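User: I have just opened this one and would like a walk through it. Could you take me through the parts worth looking at?

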Amino acid sequence: MDEFIIRHLIIFFNVIEYHPSTWLITNLSSKFSWRKLLVRLMSCCSCITNIFIVLVCMNTCMAQNFSAIFIFGDSLVDVGNNNYITTFAKANYEPVGIDFGKPTGRFTNGRTVCDILGQSLGFKHFPPPYLAPTSCGSVVLDGVNYASGAGGILDESGANYIGRIAMDAQLDNFAKTRLDIISILGAPEAFNLFATAFFTVTMGSNDFINNYFILPGHSHPVPPKTFIQSMISTFRRQLTMGPKRLTNQWRPRVKGNRVGFLRRKTQDNRRRYHSWC
């Protein structure tokens with residue numbers, strides 16, 4: 001198990017190190033020195049968050065049998081949704097996807113973090129992109145990927161790439177999948193599927209690099225505290241409040257952090273909520 005954890009930690013660090021977003025942050029920080037501290041803190045938090053996800057998954061999830069996996073996020077976990085929308089944020093060209101022998105829409109040479117995680121949890125197939133024409137019928141019973149490159153917690157994030165699917169829109173898409181699954185399985189069995197499914201969110205970097213860092217008037221930007229508070233309140237609403245809240249879709253107990261969370265049932269099988277935003 002120790003070797004298993006170490007191997008996945010290395011994979012997470014490699015994704016962070018080579019992802020184009022990291023290069024963009026570094027490039028921006030060289031031009032705007034006052035951002036350096038914030039950028040470094042973001043990088044550290046990203047590493048810590050991914051370590052948290054790995055350790056929690058390895059210690060609490062490997063022993064559980066999950067019925068499906070539903071993925072929300074940005075380019076770190078997009079598996080091709082942006083292939084089906086008009087956007088500058090695409091990864092459908094070589095050499096991207098070289099490990100698959102062709103571009104797949106993933107913003108990486110091979111598998112995404114969630115692809116690796118899903119395989120580690122025992123899933124035989126990668127969750128398909130929601131917008132793919134083949135993502136219908138029984139295909140969605142094992143899970144769906146709603147992630148979109150350039151997407152963010154805030155709807156306006158990533159607007160410089162024209163098209164993207166923000167978190168609120170991804171929740172709308174999941175609500176449609178939920179109805180499809182209910183129509184296929186019936187309400188009781190569908191409820192059991194969602195109650196034992198694995199949900200993950202990888203979101204937030206575009207709210208900085210493709211929103212906050214490119215706001216007009218660099219000499220007088222929105223105070224960081226104000227902007228971050230807006231992100232936190234929006235993310236909290238998306239996870240826990242309102243008709244589109246993620247926890248409303250299946251009502252499990254939810255554990256989470258800033259870029260990822262997973263559900264785990266309590267021993268007495270009561271439905272409780274616990275979210276960290």
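**Salt bridges, cores and backbone**

Analyst: Arginine 237 counts as partly exposed, because its relative accessibility is 31%, where buried means under 20% relative accessible area, exposed over 50%, and partly exposed in between (1.4 Å probe, protein chains only). This is a predicted model, in which local features need pLDDT of at least 70, side-chain atom pairs count only at pLDDT 80 or more, and totals for chains, interfaces and linings use all residues. Residues are numbered from 1 along each chain as its sequence is written, and side-chain values use heavy atoms, with hydrogens and water left out.

User: Which side chain does arginine 237 meet in a salt bridge?

Analyst: Its partner is aspartate 168, at 3.1 Å from N to O, a salt bridge being a side-chain nitrogen of Lys or Arg within 4 Å of a carboxyl oxygen of Asp or Glu. The pair links distant parts of the chain, since arginine 237 lies in helix 8 (residues 224-240) and aspartate 168 in helix 5, 69 residues apart. Helices (H or I, at least four residues) and strands (E, at least two) are DSSP runs, numbered from the N terminus.

User: Is aspartate 168 buried or exposed?

Analyst: Aspartate 168 counts as buried, because its relative accessibility is 9%.

User: How many salt bridges does the structure hold?

Analyst: The structure holds 2 salt bridges. One of them joins the side chains of arginine 106 and aspartate 115, at 2.7 Å from N to O, and both arginine 106 and aspartate 115 are buried.

User: Changing topic, which residues touch the most other members in the largest nonpolar core?

Analyst: They are Phe70, Phe72, Phe174, Ile181 and Phe194, in a core of 30 residues. A nonpolar core is a set of buried Ala, Val, Leu, Ile, Met, Phe, Trp, Tyr and Cys residues joined through side-chain atoms within 4.5 Å. At least two residues of the largest core come from each of strand 1, helix 5, helix 6 (187-195), strand 3 (198-202), helix 7 (205-209) and helix 8. There is also a second, separate core of 10 residues, with Ile71, Val77, Cys114 and Leu121 among them.

User: And the backbone: which peptide bond is cis?

Analyst: The bond from glutamate 94 to proline 95 is cis, with omega near 5°, and proline 95 sits in the loop between strand 1 (69-73) and helix 4 (113-120).

User: What is the phi of alanine 150, and where is that residue?

Analyst: Alanine 150 has a phi near 80°, which is positive in a residue other than glycine, and its place is in the loop between strand 2 (143-145) and helix 5 (167-185). Isoleucine 162, also found in the loop between strand 2 and helix 5, has a positive phi of about 70° although it is not a glycine.
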